[in-house]
Every structure is written in C-alpha cells, then in structure tokens.
Amino acid sequence: MTEHAAVAKLKEKFSSSVLDVVVHRGETSVTVKKDDIVAICSFVKKSLGFNLLCDVCGIDYLGQSPRFMMVYNLYNISTKEYLRLKTPVEESDARIDTVSVVWGTANWLERECWDLMGISFNNHPDLRRILMPDDWEGHPLRKDYPVQGPGREPYQGRIS
Amino acid sequence: MAMTETMTINMGPQHPSTHGVLRLVLELDGEIVVKAVPHIGFLHRGVEKLSEYRTYHQIIPLTDRLDYLAPMSNNLGYVLAVEKLLGLTDAIPERANVIRVIMAELTRLKSHLVWLACHGLDIGAMTVFIYCFRERETVMNIYEEVSGARMTSNYFRVGGLSADLPDGLEKTIRTFAEDMPGHIATYEGLLTGNKIWQKRIQGVGVIKAEQAIDIGLTGPSLRASGVDQDLRRDNPYSGYENYDFKVPVRTECDTWARYHVRLEEMRQSCRIILQALDRLKPGPILADAPKVVLPPKKDVVNSIEGLIHHFKIISEGFKPEAGDIYQEVEAPKGTLGYYLVSDGSAKPYRMKIRPPSFVNLQALPQMVEGSLIADVVAVIGTLDIVLGEIDR
C-alpha cells in the first residue's frame with residue numbers, strides 16, 4: 001500500500017501538528033492537533049485540491065481522554081481521491097475553530113455536530129441547534145445520553 | 001418620503017410544495033425574497049443514535065427510511081460501507097453486483113420520476129404528474145416482486161442480496177427499460193417546448209460552479225452547474241466500471257439545466273439497466289463468508305445446521321475489526337455517504353450518514369435570495385429534497 005500523497009506534504013508543512021497517520025481498508029486518516037485545524041484545512045483545500053468537504057462529524061469516546069474526536073471527510077473532485085482528517089477535542093474544552101470559512105458546507109454540518117454531540121465551534125456564523133428543538137437540553141449522540149430519551153424508564157425488552 | 005418595510009412570512013411545515021416538513025421563514029420586500037432561513041428537524045427520528053444499539057444487519061431497515069423515495073440506494077450505500085469495513089468488497093459475487101446495479105438504476109428512475117412529477121405539479125404543469133406516477137407504479141411493482149415491499153425494500157444484505165430475482169422478472173424489467181425512453185420523450189413533449197414551463201424555470205435558482213462546490217452541492221445539481229463529477233464513473237463501486245454510460249453536464253447553472261440533466265440521467269439509467277440485464281448470468285447471490293453472511297433461506301428452513309447458522313448471525317451479529325471507513329455512492333439526489341466506526345463489537349460504535357439532501361438544501365438561501373417568492377417553489381422542486389434523509 002503506497003502512502004497517500006497528501007500525507008508527505010502535510011508532514012512537511014505541519015511537522016509538529018501531525019499526530020498520527022492510520023491506513024485502514026485503503027483509507028487514510030490523518031490525526032492533527034486541534035489548534036491548527038483551520039490552517040491545515042486551508043492548506044489541504046488550496047494546495048492539495050481537496051475542494052469538496054463531504055462530511056463533518058464528532059465521535060464520543062466516553063471514558064477516554066481526550067473524549068471527543070472530530071472527523072472531516074474530504075474529496076478532491078479533480079484527482080478523485082479521499083482524505084480523512086481527525087482531531088481530538090478535550091471534554092473540558094469541547095470547542096474547536098470553525099472550518100466554515102474554508103468550506104461553506106461546514107456551516108450546517110457543524111451546527112449538527114453542536115446540536116447532537118455538543119462540540120462548540122469558535123467564530124461560527126450561525127451556531128444554533130438544527131435537528132432538535134431550540135429549547136432541547138442535552139446532546140443526544142453523546143454516549144452518556146440514554147437511547148430512550150431523558151427521564152424515561154429504560155426499555156425493558158430486547159433491542160438487539 | 002415613503003417608508004418601506006419588509007414582511008416576514010412562514011412557509012411550511014404544512015405546505016404542499018415544501019415536499020414534506022420543511023419550514024422556511026421568508027423575509028419579503030414586496031414580492032422579492034430578501035432572506036430565506038430554512039428550519040429542519042421535524043422528522044428527526046435519531047437513526048444514528050438507534051444504529052449504535054443495533055447489530056449491523058438490523059440497521060438495513062433503518063436506512064430504507066432515510067430517502068424513502070430511493071430506498072435501495074440507501075441500502076446499497078450502507079451494505080457497501082459494512083462490506084468495506086469487513087474487507088469483503090471483492091468477495092461479492094458477480095450476479096449480486098449486477099442485480100444491485102439494476103436495482104440502483106431502477107431506484108434512480110423511480111426517484112427522478114417523483115422529482116419530475118412534483119416539480120411539474122408545483123409549477124402548475126399537472127398532467128405530467130399522472131404520467132410519471134404511472135411509470136413509477138411499474139418500478140414499485142418490481143420492488144414488490146423482489147422484496148415484498150413497495151417502498152421500504154430492505155432487499156440488499158451484507159455480502160449480497162436477501163433473495164434472487166423471481167422467475168420472469170427479468171423480462172418485466174427489460175420491457176420497462178425499453179419502453180422508458182419513449183415515456184421520457186412524452187414528458188419532454190409536455191414540458192420542454194412549453195412556454196410557461198420555460199419562463200418558470202429558465203434563469204431561476206442560478207448557482208455557479210464555484211459556489212456550488214463551496215456549499216457542497218452534489219449529484220444532478222452540481223452537474224447542472226458545469227462540474228463533471230459522478231461517483232459511478234469516478235470512484236466506481238458494484239462493478240459500475242463495466243457499463244457504458246454518459247454523465248450529462250450542463251453549464252447554465254439554473255433550474256432549466258437541472259431539468260435537462262435529470263432527464264438525460266433517466267435515459268442513461270435505462271441504458272445501464274439493459275446492459276446489466278445482458279450481463280446477468282446464473283450464479284450465487286451471496287458471498288462465501290459464512291461468519292458474516294446469512295445462509296440461503298432454503299437451508300434455514302430445511303436443515304438444523306442452516307437454522308443454527310442463521311440464528312447465530314441474527315442474534316450475535318458479526319464483529320468487524322476495529323477501525324473506521326467512509327463509503328459514498330451516487331444516490332439519485334447526490335452523494336450519499338456512510339461513515340462507520342467499529343470498536344470490534346457487533347454494533348457500530350458510531351454511524352454518520354451524509355445525506356445529499358441535507359447538504360443540498362443548504363444552498364437554498366443563496367439560490368432564492370433576490371428572486372421572486374414564486375421562484376422559491378421552483379427552487380425547492382429542483383433541489384429534489386427529501387426530508388426523511390435531511391432529518392434522519
């Protein structure tokens with residue numbers, strides 16, 4: 001398996017920020033430091049051509065530190081390549097700079113991430129809940145949020 | 001000096017042309033839209049949360065209910081994602097892949113037929129609605145024959161298909177795919193030369209290529225803005241590289257261009273279906289991976305080993321190696337992506353769905369701001385959104 005061409009360039013340009021590179025089933029994930037996320041995203045878009053932001057989401061690794069992981073799935077329309085960027089986010093400071101300045105797509109995707117996962121975005125143009133009602137309490141996709149909803153008896157039957 | 005004020009009106013969620021439960025708050029200056037703010041979430045069912053509490057096989061029925069106008073495309077994206085997570089992608093038998101392609105393209109036709117019907121109806125061309133739903137009925141019947149359900153098909157399985165095609169269905173599909181171009185010509189005859197239709201959609205909802213990519217528009221809407229991108233050709237899956245088809249691209253960037261791109265896509269889908277029917281040879285429909293793939297139904301009902309095998313996979317599931325993958329397919333409405341994270345257990349640790357409509361809807365405000373309020377209806381129609389996958 002040859003290394004993704006973007007990895008070498010990222011390592012060269014942001015040597016101190018690249019924390020980890022994982023290849024699984026032929027897909028490359030690059031874990032980077034949270035503080036440089038906007039600079040790295042601008043670089044991969046402008047210099048490496050990853051012009052389409054497919055998806056933004058958060059993962060909750062409850063019980064681990066750092067608790068959250070932000071995931072950015074990118075696509076390059078010209079070379080037809082995928083790249084995944086990840087960045088860890090601490091529970092005590094569950095906020096990260098918005099990348100909506102780099103890709104407009106990120107606006108709603110980050111709103112969804114705030115709504116369901118409770119990760120906040122600095123400098124976001126319109127950080128409101130998007131899927132849940134405005135007055136909802138809690139963030140449903142967190143692992144410590146009960147699947148049957150808050151304040152209800154757990155389902156007694158089998159769900160799997 | 002006269003004072004002017006803008007007026008704020010609420011469109012939806014119970015509005016026939018918002019295609020479900022979309023709510024738009026429109027700020028108007030006379031008849032001109034100054035600002036449009038979409039409000040979504042009325043159909044949120046927590047599919048991603050529910051998925052974390054189900055085995056991989058149990059999630060397939062949930063995916064039917066995302067884009068309920070194109071259930072098999074959702075099934076396909078999901079099973080491909082799970083197969084990639086398992087490293088099973090190359091083990092899918094040829095017959096299963098060919099049937100998946102036939103079904104995915106029938107689904108594209110089905111979805112585009114609803115788009116054209118409702119788009120026409122919204123703008124006032126009511127006749128085309130009846131014609132499109134007549135053809136859609138044929139696809140629904142094919143759905144029913146293969147899966148038992150007209151809408152929530154739940155037909156694909158991890159590793160293959162739930163059942164083979166019933167006898168005689170190939171002929172029905174072939175007749176449909178041969179007749180369909182004639183029907184498309186009928187729709188064109190009703191609409192393309194129609195002066196009212198032209199006036200209502202030409203130059204409406206313009207979005208340039210650069211803005212479209214920035215906002216993440218995909219599918220027919222992106223191709224109508226002059227960007228030549230189609231995952232079936234660029235990142236082929238399920239053997240799409242074996243089929244000869246054109247990717248229609250237009251450069252007008254307006255509703256008229258999107259109308260033509262989708263009509264041409266329907267014709268290309270018919271070509272793909274006919275080629276796939278020619279490739280269809282007898283053979284297995286499930287991959288040879290007994291730890292993951294459900295045994296054929298005849299083994300389950302006829303032998304104790306088959307029953308035990310079935311029971312173990314259904315009750316315990318299978319455990320993919322820890323890791324994460326992202327799989328995209330070209331759904332009728334755009335790029336549908338599944339991001340799956342496995343922690344080595346029988347249930348996904350996290351599943352994130354990237355629905356095309358969610359991202360495409362985000363482009364609505366910039367497409368309607370500065371245009372007439374009547375154009376909002378045309379733009380909602382041309383974006384071809386389904387709230388089931390937006391809200392999940």
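These legends walk you through several close-up views of a predicted model.

**View 1. Chain A as a whole.**
Let us start with the overall make-up of chain A, which has 3 helices and 7 strands. Reading from the N terminus, its elements follow the order α-β-β-α-β-β-β-β-α-β. Its C-alpha atoms fill a box of roughly 50 × 35 × 30 Å along the principal axes. Of the 160 residues in chain A, 40% are buried. Among contacts in chain A with a separation of 6 or more, 48% join residues that are 24 or more positions apart.

**View 2. Where chain A meets chain B.**
Here 30 residues of chain A are in contact with 38 residues of chain B. Which elements of chain A each supply at least two residues to the side that touches chain B? They are strand E2 (27-32), strand E3 (52-60), strand E4 (68-76), strand E5 (81-89) and helix H3 (106-117). E3(A) gives the most to this side, with 6 residues. Sorted by class, the side of chain A that touches chain B has 17 nonpolar, 8 polar and 5 charged residues.

**View 3. Helix H3 of chain A and its surroundings.**
Look closely at H3(A): 12 of its 12 residues are buried, so this helix is largely enclosed by the rest of the structure. The buried residues include Trp108(A), Leu109(A), Trp114(A) and Met117(A), and also Glu110(A), Arg111(A) and Asp115(A). What covers them? The cover includes E3 and strand E7 (120-122) of chain A, together with helix H14 (356-361) of chain B. Just after H3(A) comes Gly118(A), which takes a positive phi of about 75°.

**View 4. Two helices of chain B side by side.**
Helix H4 (residues 94-123) and helix H5 (residues 127-147) of chain B have axes that come within 9 Å and cross at roughly 160°. Angles over 145 degrees count as roughly antiparallel, and H4(B) and H5(B) are therefore roughly antiparallel to each other. Their crossing is left-handed. On the H4(B) side, the residues making the contact include Leu106(B), Leu109(B), Leu113(B) and Ala117(B). On the H5(B) side, they include Val128(B), Phe129(B), Phe133(B) and Val139(B). By class, this helix-to-helix contact has 13 nonpolar, 1 polar and 3 charged residues.

**View 5. The largest nonpolar core.**
This view shows a core of 157 residues, the largest nonpolar core in the model. Which residues have the most contacts inside it? They are Leu74(A), Val82(B), Ile102(B), Leu340(B) and Val379(B). H4(B), the helix you met in View 4, gives the most to this core, with 15 residues. Now zoom in on Leu340(B). Not counting residues up to four places away in sequence, Leu340(B) touches Ala81(B), Val82(B), Leu85(B), Asp324(B), Ile325(B), Pro348(B) and Met351(B).

**View 6. A glycine in a loop of chain B.**
Gly317(B) sits in the loop between helix H13 (304-316) and strand E6 (323-331) of chain B. Is this glycine buried, exposed or partly exposed? It has 18 C-beta neighbours inside 10 Å, so Gly317(B) counts as partly exposed. Although Gly317(B) and Gln58(B) are 259 residues apart along the chain, their C-alpha atoms are separated by 9.0 Å. Leaving aside neighbours within four places in sequence, Gly317(B) is in contact with Thr55(B), Tyr56(B), His57(B) and Ala346(B).

Definitions and conventions
Residues are numbered from 1 along each chain as its sequence is written. Chains are lettered from A and ligands numbered from 1 in the order in which they are written. This is a predicted model: local features need pLDDT of at least 70, side-chain atom pairs count only at pLDDT 80 or more; totals for chains, interfaces and linings use all residues. Axes are lines fitted to C-alpha atoms, for helices over the stretch in contact, and angles run from 0 to 180 degrees between N-to-C directions. Angles under 35 degrees count as roughly parallel, over 145 as roughly antiparallel, 65 to 115 as roughly perpendicular and the rest as oblique. A crossing is left-handed if the near helix is turned anticlockwise from the far one by less than a right angle, and right-handed if clockwise. Two residues are in contact if their C-beta atoms, placed from the backbone, lie within 7 Å. Ala, Val, Leu, Ile, Met, Phe, Trp, Tyr, Cys and Pro count as nonpolar, Asp, Glu, Lys and Arg as charged, and the others, Gly among them, as polar. A residue is buried if 20 or more other C-beta atoms lie within 10 Å of its own, exposed if 12 or fewer, and partly exposed in between; C-beta atoms are placed from the backbone. A nonpolar core is a set of buried Ala, Val, Leu, Ile, Met, Phe, Trp, Tyr and Cys residues joined through C-beta atoms within 7 Å.
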